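Biologist: Before planning any further work, I should like to go through this structure step by step. Please take my questions in turn and give the reasoning behind each reply.

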Amino acid sequence: MTVRSKAQRIVVVGAGLAGLRAAERLREQGFDGELVIVGEEKQRPYQRPALSKQFLTGALRAGDLALRSYVELDARWRLGTPVHRLEPARHVLHLPGGEELRYDGLVIATGVQARHLDGAPRHDPRVHVLRGLADAVALRDALLGSSGPIAVLGGGFTSCEVAATCRSLGREVHLVSRSPLLLERALGGAMGARLGELHRAHGVRLALGVEVRRWIPQGWSMGMLLSDGQLLLAECVVLAVGGVPAVDWLRGSGLVLEDGILCGPTCHAVGASDIVVAGDVARWPNLRFDAVPRRVEHWLNAVEMGRAAAENLLAGQQSATPFTPLPRFWSEQHGVRLQAAGMPSLGEDTVRLAGRPERGAGIAGYLRDGRLVGLVGQESPRGMLHWTSALAKPAPQPQPQSQPQSQPLPRQRFTPMRQPAASRASLASWQLGRAARSQVRANN
Ligand SMILES: Cc1cc2nc3c(=O)[nH]c(=O)nc-3n(C[C@H](O)[C@H](O)[C@H](O)COP(=O)(O)OP(=O)(O)OC[C@H]3O[C@@H](n4cnc5c(N)ncnc54)[C@H](O)[C@@H]3O)c2cc1C
């Protein structure tokens, strides 16, 4: 289906970064019909990355975080409006109060929600999560209103950033993670060890390879009995243990919900030609690397996927092109800038490309089957530019597959390509046949 005419309506669900960039791209591409953006939060899209950094220190305020729109959107904003349900057969979204909103084309960009830890007293005022502005305001207020130790649970980017930020405020910080190394899954063991040293050097107390066995609320503090027998007392606890795709509202819709919304290479939701998905909630095969659908929870991916999804919605599924980005992201901890490109998590081996990454500045390359698949740089922005463009050049093409796989596939044999996008032949092989569609329905 091609959505173009004035009489048509495209609805974007999720007023975050990916939703905003998709809406802009729709207008840039000449869509002059009705555009409706529905968002659960009361705010227009804002910069989430600052929430674990400058917003907590007070260097940026809520008003500084608003995201600028690059084009005149001429959109109807429905903020503070959680979509309850999707009925694809009728092209209808169900909104609060029994309202139905029809669409001709739909962009889903509902992101993720903060994951809660089993057994944690999530309603205790000392226990916080960090995903949205409201969470960040509550955490910032808790930091301002306390002076005792802070416990940050989780070994990923958000927890490391929050720990670093709290240390910069002069607070005693304990970083507790089940994994023995920080960010190991994303960046590998060597970089994980180096990050651990960085945090220790800045006074963060690390409790790695342990988990909370018992929560013991006390007068002013929250007690946590760790699996190594240590009793940790904290005045403020931050649960930063990852995100869960915001898909509850899609249950029963027929879309394939497996760690996000399963999409084909063109961002179209599997089984739906008039629904595209973008940002943290989308799980799609990036044919640049292989045929395994994955989610990517990074800022630049939300920007690029929002734009690509909008283009492909307007183009129609038959003419759509695969979205094959080179993922890039950054993080800042204790004043050290980390940058990554590609998929370091796919690497089986690492190689030093510049400087001494394990000692503080340099770039590590991540190899799979002898091929560079990712980069991680520390304090090396110029070198990263060089190596990122080198990594972007050859885009490997997987062997054609008959349909999207929801389980990891056996290792692919890659043929180097000069073009950044995978060919239409491989896209065609992804498009679902009738049998696969009925299998999708049967699964829901
Ligand atoms: C604290 C923090 C720090 C980060 N730092 C970095 C960083 O340094 N570098 C980096 O690359 N990335 C970082 N990220 C990740 C980056 O911000 C995200 O990848 C990006 O915001 C994803 O955009 P999105 O539009 O997919 O999702 P979101 O920005 O989460 O937007 C989704 C929107 O959809 C809304 N929604 C959900 N369900 C519904 C519904 N049923 N109806 C209506 N609306 C709904 C949500 O309320 C939300 O407003 C950080 C994220 C966080 C939380």
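**Helices, ligand shell and individual residues**

Modeller: I begin with helix α1 of this predicted model. Its 12 residues should span 16 Å at 1.5 Å a residue, and its end C-alpha atoms are indeed 16 Å apart, which agrees.

Biologist: How many of the 12 residues of α1 are buried?

Modeller: A residue is taken as buried if 20 or more other C-beta atoms lie within 10 Å of its own. In α1 the buried residues are L17, A18, G19, L20, R21, A22, A23, E24, R25 and L26. The helix is therefore largely enclosed by the rest of the structure, and the number of buried residues is 10.

Biologist: Which elements do the buried residues of α1 pack against?

Modeller: Just after α1, G30 takes a positive phi of about 95 degrees. As for packing, the buried residues of α1 meet three strands and one helix, namely β1 (9–13), β2 (34–38), β7 (105–108) and α7.

Biologist: Where does the ligand lie with respect to domain 1 and domain 2?

Modeller: Around the ligand there are 34 residues, and the closest are G14, G16, P49, G111 and G279. Residues of the shell come from domain 1 (9–111 + 246–315) and also from domain 2 (114–243), so the ligand lies between them.

Biologist: Which elements each supply at least two residues of the shell around the ligand?

Modeller: By class, the shell has 17 nonpolar, 11 polar and 6 charged residues. The elements that each give at least two residues to this shell are α1 (17–28), α7 (299–315) and β22 (328–333).

Biologist: Which residues of α3 are buried, and how are they arranged around its axis?

Modeller: Helix α3 (residues 133–144) has 12 residues and reaches 16 Å from its first C-alpha to its last, close to the 16 Å expected. Its buried residues are A136, L139 and L143. Seen down the axis of α3, these buried residues fall within an arc of 65 degrees, so they line one face of the helix. An α-helix has 3.6 residues a turn, so residues three or four places apart point the same way.

Biologist: Which exposed residues does α3 carry on the face turned away from its buried side?

Modeller: The buried residues of α3 are covered by elements including α2 (54–57), β9 (127–129), α4 (157–168) and β16 (236–239). On the face turned away from that buried side, the exposed residues are A134, D141 and L144.

Biologist: Is α4 largely enclosed by the rest of the structure or largely open?

Modeller: The buried residues of α4 include F157, C160, V162, A164 and R167. In total, 11 of the 12 residues of α4 are buried, so this helix is largely enclosed.

Biologist: Which residue with a positive phi follows α4?

Modeller: α4 has 12 residues and reaches 16 Å between its first and last C-alpha atoms, close to the expected 16 Å. The residue that follows α4 has a positive phi near 85 degrees, and it is G170.

Biologist: Is I150 buried or exposed?

Modeller: I150 is placed in strand β10 (residues 150–153). Leaving aside neighbours within four places in sequence, I150 is in contact with C166, R171, E172, V173, A234, C236 and V238. With 27 C-beta neighbours inside 10 Å, I150 counts as buried.

Biologist: What separates the C-alpha atoms of L233 and M222?

Modeller: L233 is in strand β15 (residues 231–234), and with 15 C-beta neighbours inside 10 Å it counts as partly exposed. Beyond its neighbours within four places in sequence, L233 is in contact with P149, S221 and G223. L233 and M222 are 11 residues apart along the chain, and their C-alpha atoms are separated by 5.6 Å.

Biologist: What is the phi of H334, and what is that of E379?

Modeller: H334 is found in the loop between β22 and β23 (336–342), while E379 lies in the loop between β26 (371–378) and α8 (381–392). H334 is partly exposed, with 18 other C-beta atoms within 10 Å, and E379 is partly exposed with 17. Neither residue is a glycine, yet phi is positive in both: for H334 about 50 degrees, and for E379 near 45 degrees.

Terms used. Residues numbered from 1 in each chain as written. Predicted model: local features only at pLDDT ≥ 70, side-chain atom pairs only at ≥ 80, totals over all residues. Helix = DSSP H or I, 4+ residues; strand = E, 2+ residues; numbered from the N terminus. Expected span 1.5 Å × (residues − 1). Arc of directions from axis to C-beta. Contact = placed C-beta atoms within 7 Å. Near = placed C-beta within 6 Å. Nonpolar A, V, L, I, M, F, W, Y, C, P; charged D, E, K, R; others polar. Domains from an automatic or database assignment.
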